[in-house]
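Please walk through this model with the sequence and the coordinates side by side, beginning with a single loop residue and ending with a pair of packed helices.

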Amino acid sequence: MSLKKEHTFIDPSLMRQPSTHVVGKRNNKAVSRLVSGNRSPNQPLYLDSPPSYDSTIASWGWEDILHWIAGVGLDDTREIGDVFKEQRITKGAALLRLEESHLKEMGVVKIGDRVLLLEALEELRTQAGLVDSRKYISVDMLMDQLDSARARRYLQMYPKRLILIRHGESQGNVDSSKYATVPDCKLPLTDLGIQQAKEVGKSLQDLLSGETVSFYVSPFMRSRMTYEYIRESFHDEQVLYYREDPRIREQEWGNFQDPEEVAESMAKRREVGAFYFRFPTGESGADVFDRVSTFLETLYRDMQKGMCGDNAVIVSHGLFCRLFLTRFYHWTVEKFHKLWNFKNCQYCILELQAEGYYKLISELKSD
């Protein structure tokens, strides 16, 4: 069985940044903010609760409208009243929809009359709850728009691809007794591992076609050597930076690994599962999963700053690569347990889509 065409949207919890530019409460109420227009010196800029509205204005009859016209302050109230009645502006609902163009068509020719009517209509619409969107907007809506704009900007900075690579063949892969006398972090590549790293470097260069790249590398010797031989295929101007990050190191099995103790631990590990089993003096897969989570926070920050260039390449270890995918795509532990380990120098590609998510375009073996 193979896994393919997996994708995930960018984790919004890692993208949202606290805003220091919007003051006021942000909750589930209709919180409104006055952003433009006339405002008295004592009127608050930020309204913690919506203003009270008169819902009966839309139900006004002709007598109500006449009374309103009389309060506008016009020189000839009777003449304007006749115009309104002739044009059947006799209901509150019609009155609230009047615009300047309507007044001109109705024959209200004096500019002073139109100005007074428009100001009174604007105040009336505010009283009725028909607030001009140019003057009042929801803080929640504003924040959502800011978040959307920020997300679009971040996506422009994100690398085209995230590429996970397991190190080449190491001496420990060939002779497990090496772990008993040599610290895991100091095991070098074999001659075959060196050749594998050189070949994957050429393969990546052909794939990327001169695009820029950044490298995140485990500090273990076999991973650093893999990077060095991959690096030979890239021009200096392509590589934006190289960073060793201890969080993407191999799972800790213990300082030195006695073959008999390891065999016993591996039997228990098969029963418990690679995710939950903890080596007596080392880590569980869950511990590595937590390291993946904190590394992702750093990776996202670098991506948002445009530091990764066109491609971010992670040179690490088999378990880390599987747990990275599990965390990134929010796979279940059960699905993680079914994944086969990466072969030496096997890599997989996560490609950014126009819709804003990374799609797993490499096929992975699974039970």
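Helices are taken here as DSSP runs of H or I with at least four residues, numbered from the N terminus. On that numbering, D184 has its place in the loop between α8 (171–174) and α9 (191–208). The model is a predicted one, and every value that follows is computed from it.

Is D184 buried or exposed in this loop? With a relative accessible area of 11%, D184 is buried, because buried means under 20% relative accessible area. Setting aside residues up to four places away in sequence, D184 touches Y179, F220, R222, E250, Q251 and Q257.

A second buried position lies within a helix, since F84 is found in helix α3 (residues 77–86) and has a relative accessible area of 0%. When neighbours within four places in sequence are left aside, F84 is in contact with W62, I65, W68, I69, I89, L95, L98, L103, M106 and L117. One of these partners, W62, stands 22 residues from F84 along the chain, and the C-alpha atoms of the two are separated by 9.5 Å.

These two sites can be set against the chain as a whole, where buried residues make up 44% of the 367 residues and the secondary structure comes to 14 helices and 12 strands. Of the contacts between residues at least 6 apart in sequence, 75% join residues at least 24 apart.

Helix α12 (residues 285–304) offers a view of how two of the helices meet. Its 20 residues reach 28 Å from the first C-alpha to the last, close to the 28 Å expected at 1.5 Å a residue, and 14 of those 20 residues are buried, so that α12 is mostly covered. After α12 comes G306, whose phi is positive, near 75°.

How does α12 pack with helix α13 (residues 318–328), and at what angle? The angle is about 65°, with the two axes 9 Å apart, which makes α12 roughly perpendicular to α13, because angles from 65 to 115 degrees are counted in that class. The crossing in which α12 passes α13 is right-handed. On the side of α12, the contact is made by G285, V288, F289, V292, S293, F295, L296, L299 and Y300, while α13 contributes L319, F320, L323, F324, T326, R327 and F328. Sorted by class, the residues in this contact are 12 nonpolar, three polar and one charged.

Conventions: Residues are numbered from 1 along each chain as its sequence is written. This is a predicted model: local features need pLDDT of at least 70, side-chain atom pairs count only at pLDDT 80 or more; totals for chains, interfaces and linings use all residues. Side-chain values use heavy atoms; hydrogens and water are left out. Axes are lines fitted to C-alpha atoms, for helices over the stretch in contact, and angles run from 0 to 180 degrees between N-to-C directions. Angles under 35 degrees count as roughly parallel, over 145 as roughly antiparallel, 65 to 115 as roughly perpendicular and the rest as oblique. A crossing is left-handed if the near helix is turned anticlockwise from the far one by less than a right angle, and right-handed if clockwise. Contact means heavy atoms within 4.5 Å. Ala, Val, Leu, Ile, Met, Phe, Trp, Tyr, Cys and Pro count as nonpolar, Asp, Glu, Lys and Arg as charged, and the others, Gly among them, as polar. The expected span of a helix is 1.5 Å times one less than its number of residues. Buried means under 20% relative accessible area, exposed over 50%, partly exposed in between (1.4 Å probe, protein chains only).
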